[in-house]
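Got a few minutes to look around a protein model? Have the sequence and the 3D view side by side, and take the tour below.

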Amino acid sequence: MIKMLHRLTEQEMQELAEKLIGMKINKARGYTRRLDPESELELLRVGVGHELLTRYRLPNLGVRVTLVELPRERVFEDGGNIPAFATRKRFEPEFIEARVEPLE
């Protein structure tokens with residue numbers, strides 16, 4: 001039988017958001033998923049406007065956690081002789097925000 005966890009208060013939600021933003025994105029995903037044994041992944045890197053959202057629903061804690069990334073491109077210059085491969089772009093999203101909000 002799974003033990004029911006307590007509901008998070010406003011202060012605990014704020015503390016959780018601050019803790020998550022201090023982590024790298026993959027660590028934040030794993031940490032969020034392990035907070036609640038009944039956690040559900042709602043969105044995985046879904047583009048909404050200019051943001052990439054990963055959202056988890058944590059029913060035992062009574063919250064929804066959204067991890068926000070902004071897309072970013074890095075351009076690599078290669079001094080090679082082949083012009084087609086001289087400039088390459090690499091997609092590297094940046095983890096910028098963790099939103100913790102109560103479930104309705």
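What follows goes through the sheet, the helices, the salt bridges and a few single residues.

Before we start, this is a predicted model, in which local features need pLDDT of at least 70 and side-chain atom pairs count only at pLDDT 80 or more, while totals for chains, interfaces and linings use all residues. Residues are numbered from 1 along each chain as its sequence is written, and side-chain values use heavy atoms, with hydrogens and water left out.

**The sheet**

Let's begin with the strands. Helices (H or I, at least four residues) and strands (E, at least two) are DSSP runs, numbered from the N terminus. Here 4 strands make an open sheet, and its order is β1-β2-β3-β6 with antiparallel pairing. Two strands count as a pair if DSSP finds at least two bridges between them. At the edges sit β1 and β6, each pairing on one side only. From one strand to the next, the twist averages 15 degrees; angles run from 0 to 180 degrees between N-to-C directions, and axes are lines fitted to C-alpha atoms, for helices over the stretch in contact.

Zoom in on β2 and β3: they run antiparallel and are joined by 7 bridges. Across from R57 you will find R64 of β3.

**The helices**

Which strands does α1 lie across? They are β3 and β6, and α1 runs at about 165 degrees to β6. Helix α1 (residues 10-21) also meets helix α2 (residues 25-35): their axes come within 9 Å and cross at roughly 145 degrees. The crossing is right-handed, the near helix being turned clockwise from the far one by less than a right angle (anticlockwise would be left-handed). On the α1 side, L16, K19 and L20 make the contact, and on the α2 side A28, Y31, T32 and L35 do. Contact here means heavy atoms within 4.5 Å. Sorted by class, the α1 and α2 contact has 5 nonpolar, 1 polar and 1 charged residues. For that sorting, Ala, Val, Leu, Ile, Met, Phe, Trp, Tyr, Cys and Pro are nonpolar, Asp, Glu, Lys and Arg are charged, and the others, Gly among them, are polar.

Now for what α2 tucks away. Its buried residues are I25, A28, R29, G30 and T32. Buried means under 20% relative accessible area, exposed means over 50%, and partly exposed is in between (1.4 Å probe, protein chains only). The buried residues of α2 pack against α1, β1, β2, β3 and β6.

**The salt bridges**

Side chains of opposite charge can pair when their charged atoms come close. How many salt bridges are there? The count comes to 7, taking a salt bridge as a side-chain nitrogen of Lys or Arg within 4 Å of a carboxyl oxygen of Asp or Glu. Here are some of them, with the N to O distance.

| Salt bridge | N to O distance |
|---|---|
| E40 and R57 | 3.8 Å |
| E42 and R64 | 3.1 Å |
| E51 and R99 | 3.0 Å |

Take E51 and R99 from the table. E51 is in strand β2 and R99 in strand β6 (residues 94-102), so their salt bridge ties together parts 48 residues apart in sequence. E51 counts as buried because its relative accessibility is 16%, while R99, at 27%, is partly exposed.

E40 and R57 form another of these salt bridges. This pair links E40 in strand β1 (residues 40-48) to R57 in strand β2 (residues 51-58), 17 residues apart. Both ends are partly exposed, E40 at 40% relative accessibility and R57 at 26%.

Then there is E42 with R64. E42 is in strand β1 and R64 in strand β3 (residues 63-70), with their positions 22 residues apart. E42 is partly exposed at 32%, whereas R64 is buried at 15%.

**Two arginines to look up**

R45 belongs to strand β1. Its phi is positive, about 55 degrees, although R45 is not a glycine. With a relative accessible area of 34%, R45 is partly exposed.

R74 sits in strand β4 (residues 73-77) and is partly exposed at 39% relative accessibility. What does R74 touch? Leaving out residues up to four places away in sequence, R74 touches R88, K89, R90 and E92. The C-alpha atoms of R74 and P93 are 9.9 Å apart, and the two residues are 19 residues apart along the chain.
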